[in-house]
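Visitor: Hey, I've got a model open and could use a second pair of eyes. Can you walk me through it?

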Amino acid sequence: RPPYGAYNATTLAAAGRCGLDWVVHWSVSLPGKKLEYQRAHGSLEPGDIILTHFRKGLVPALRKSIKDIRKQGFDVARLEDYLRPRGWDG
């Protein structure tokens, strides 16, 4: 992901030259104890990516967030299950 979510054509080109197949942006984050949404309506949409960081207190925050995610009718999935490497045809 680009630092702070800031990117442009130069950033994307540099990522490609480094061998990255994807540059990912998030629409929801978990900076503390609850989910924070980038959109005003404050709920999940299909395909939303949630940004988390390894930090103290992450596990309890994730447990609480997963309950909220499921309450909204969604489940958690691994990003790599959806973003396959370029040329992959499995």
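Visitor: Let's go straight to charges. What does Arg 78 form with Glu 80?
Guide: A salt bridge, with the closest N and O atoms 3.5 Å apart. Keep in mind that this is a predicted model.

Visitor: And which residue meets Asp 81 in a salt bridge?
Guide: Arg 78 again: the side chains of Asp 81 and Arg 78 meet at 2.8 Å, N to O.

Visitor: How accessible is Arg 78?
Guide: Arg 78 has 48% relative accessibility, so it counts as partly exposed because the buried class ends at 20% and the exposed class starts over 50%. Its partners land in that class too: Glu 80 is partly exposed at 44%, and Asp 81 is partly exposed at 35%.

Visitor: Which residues are joined into one network by salt bridges that share partners?
Guide: Arg 39, Glu 45 and Asp 48. Within that network, Arg 39 pairs with Glu 45, and their closest N and O atoms are 3.2 Å apart. Arg 39 is partly exposed, with a relative accessible area of 24%, and Glu 45 is partly exposed as well, at 34%.

Visitor: How many salt bridges does a search of the whole structure find?
Guide: Five. As a general point, side chains of opposite charge can pair when their charged atoms come close.

Visitor: OK, zoom out for me. What's the secondary structure of the protein chain?
Guide: Two helices and three strands. Read along the sequence, the pattern is α-β-β-β-α. The C-alpha atoms fill a box of roughly 40 × 30 × 30 Å along the principal axes.

Visitor: What share of the residues counts as buried?
Guide: 18% of the 90 residues. As for contacts with a separation of 6 or more, 43% of them are between residues 24 or more positions apart.

Visitor: Let's look at α2. How does its span compare with what 14 residues should give?
Guide: It agrees. Helix α2 covers residues 58–71, and at 1.5 Å a residue it should span 20 Å; the end C-alpha atoms are 20 Å apart.

Visitor: Which residues in α2 are buried?
Guide: Leu 58, Ala 61, Ser 65 and Ile 69. Looking down the axis of α2, the buried residues sit within an arc of 75 degrees, so they line one face of the helix.

Visitor: What's on the face turned away from the buried side?
Guide: Exposed residues: Pro 60, Arg 63, Lys 64, Lys 67, Arg 70 and Lys 71. Over on the buried side, the cover for α2 includes β3, residues 50–51.

Visitor: What happens just after α2?
Guide: Gly 73 takes a positive phi of about 90 degrees there.

Visitor: Which residue has a positive phi although it is not a glycine?
Guide: Tyr 4, with a phi of about 60 degrees. In general, most residues other than glycine have a negative phi. Tyr 4 is in the segment before α1, which runs over residues 9–17. Tyr 4 is exposed, with a relative accessible area of 79%.

Visitor: New topic, pockets. How much space lies in the largest pocket?
Guide: About 820 Å³. The pocket is lined by 28 residues, and the closest to its centre are Asp 48, Ile 49, Ile 50, Ala 77 and Leu 79.

Visitor: Where does the largest share of the lining come from?
Guide: From α2, which gives four residues. Both β3 and α2 supply at least two residues each.

Visitor: Tell me about Ile 49, then. Where is its place?
Guide: Ile 49 is in the loop between β2, residues 36–37, and β3. Ile 49 is partly exposed, at 24% relative accessible area.

Visitor: What does Ile 49 touch, leaving out residues up to four places away in sequence?
Guide: Val 24, His 25, Trp 26, Ser 27, Val 28 and Leu 79. Taking Val 28 from that list, the C-alpha atoms of Ile 49 and Val 28 are separated by 6.2 Å, with the two residues 21 apart along the chain.

Visitor: Great, that gives me plenty to click through.

Definitions and conventions. Residues are numbered from 1 along each chain as its sequence is written. This is a predicted model: local features need pLDDT of at least 70, side-chain atom pairs count only at pLDDT 80 or more; totals for chains, interfaces and linings use all residues. Side-chain values use heavy atoms; hydrogens and water are left out. A salt bridge is a side-chain nitrogen of Lys or Arg within 4 Å of a carboxyl oxygen of Asp or Glu. Buried means under 20% relative accessible area, exposed over 50%, partly exposed in between (1.4 Å probe, protein chains only). The expected span of a helix is 1.5 Å times one less than its number of residues. The arc is that of the directions from the helix axis to the C-beta atoms. Contact means heavy atoms within 4.5 Å. On a 1 Å grid over the protein atoms alone, a cavity is a set of points where a 1.4 Å probe fits but cannot get out, and a pocket is an open set with protein on both sides within 12 Å along at least five of seven lines; lining residues have an atom within 4 Å of a point. Grid points are joined across faces, edges and corners, and a volume is the space filled by probe spheres set on the points.
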